[in-house]
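This briefing introduces a protein structure to a reader who has not met it before. Please view the sequence and the structure together before turning to the points below.

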Amino acid sequence: MKQFSYTITDPEGIHARPAGEFVKAAKAFESKVTIAKDGKSVDAKKIFGVMGLGAKQGHTVDITVEGSDEDAAAAALEEFLKNNL
């Protein structure tokens with residue numbers, strides 16, 4: 001299992017376009033991917049779950065990746081967040 005935290009820097013937070021791209025990136029891996037904020041954890045492969053977190057600029061999200069390709073998935077998703085959010 002791999003875990004990392006990321007603080008949202010995008011002024012609009014996790015909004016529709018990057019949320020959709022994040023879900024698409026998570027779906028590219030076999031591993032189970034969850035994203036959590038303030039104790040609420042959701043499946044990162046479901047757009048409504050990711051949007052439902054309501055993550056805004058300055059909020060910290062915790063990403064957990066568990067599965068056969070967790071190393072690659074965690075690295076790719078962390079890079080995605082740094083480049084897009």
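**Briefing on the predicted model**

Phe80 is located in helix α3, which covers residues 70-84. The model described here is a predicted one. The protein chain contains 3 helices and 4 strands, and their order along the sequence is β-α-β-β-α-β-α. The points below take up the chain as a whole, the pairing of its strands, and then several individual residues.

**The chain as a whole**

- The protein chain has 85 residues and a radius of gyration of 11 Å, which agrees with the value near 12 Å that a compact globule of this length would have.
- Along its principal axes, the C-alpha trace extends over about 35 × 25 × 20 Å.
- Of the 85 residues in the protein chain, 45% are buried.
- The accessible surface of the protein chain amounts to about 4,700 Å², and carbon and sulfur atoms account for 50% of that surface.
- When contacts between residues at least 6 apart in sequence are considered, 69% of them join residues at least 24 apart.
- The protein chain carries 11 positive and 13 negative charges, and the mean positions of these two groups lie 6 Å apart.

**How the strands pair**

- Strand β1 (residues 2-7) runs antiparallel to strand β4 (residues 60-66), and 6 bridges join the two.
- Within this pairing of β1 with β4, Gln3 stands opposite Thr64 in β4.
- Strand β4 also pairs with strand β2 (residues 32-37), in the antiparallel sense and over 5 bridges.
- Opposite Lys32 stands Glu66, a residue of β4.
- Strands β2 and β3 are likewise paired in the antiparallel sense, over 4 bridges.
- Ile35 faces Val42 of β3, the two residues standing opposite each other.

**The β2-β3 hairpin and Asp38**

- Strands β2 and β3 form a hairpin that has 2 residues between them.
- Asp38 is found in the loop between β2 and β3, the latter covering residues 40-43.
- Most residues other than glycine have a negative phi.
- Asp38 has a positive phi of about 50°, although this residue is not a glycine.
- Asp38 counts as exposed because its relative accessibility is 70%, and the exposed class begins over 50%.

**Lys2 in strand β1**

- Lys2 has its place in strand β1.
- The relative accessibility of Lys2 is 36%, so this residue counts as partly exposed.
- Lys2 and Glu66 are 64 residues apart along the chain, while their C-alpha atoms are separated by 6.4 Å.
- Residues up to four places away in sequence being left out, Lys2 touches Ile63, Thr64, Val65, Glu70, Asp71 and Ala74.

**Gly58 before strand β4**

- Gly58 is placed in the loop between α2 and β4.
- Gly58 is in contact with Thr7 and Ile8, leaving aside its neighbours within four places in sequence.
- From C-alpha to C-alpha, Gly58 is 9.6 Å from Tyr6, and 52 residues separate the two in sequence.

**Two phenylalanines in helices**

- Is Phe80 buried or exposed? Phe80 is buried because its relative accessible area is 12%, and a residue under 20% is placed in that class.
- The residues that Phe80 touches, not counting those up to four places away in sequence, are Pro18, Glu21, Phe22 and Leu85.
- The C-alpha atoms of Phe80 and Ser41 are separated by 19 Å, with these positions 39 residues apart along the chain counted as their distance in sequence.
- Phe48 belongs to helix α2, which covers residues 47-52.
- Phe48 has a relative accessible area of 75% and is therefore exposed, whereas Phe80 is buried.
- Phe48 and Val61 are 13 residues apart along the chain, and their C-alpha atoms are separated by 16 Å.

Conventions. Residues are numbered from 1 along each chain as its sequence is written. This is a predicted model: local features need pLDDT of at least 70, side-chain atom pairs count only at pLDDT 80 or more; totals for chains, interfaces and linings use all residues. Side-chain values use heavy atoms; hydrogens and water are left out. The radius of gyration is taken over C-alpha atoms; the globule rule is 2.2 Å times the number of residues to the power 0.38. Buried means under 20% relative accessible area, exposed over 50%, partly exposed in between (1.4 Å probe, protein chains only). Contact means heavy atoms within 4.5 Å. Accessible areas come from the Shrake-Rupley method with a 1.4 Å probe; for residues, only the protein chains shown count as cover. Lys and Arg count as positive and Asp and Glu as negative; His and the chain ends are not counted. The place of a charge is taken as NZ of Lys, CZ of Arg, CG of Asp or CD of Glu. Two strands pair if DSSP finds at least two bridges between them.
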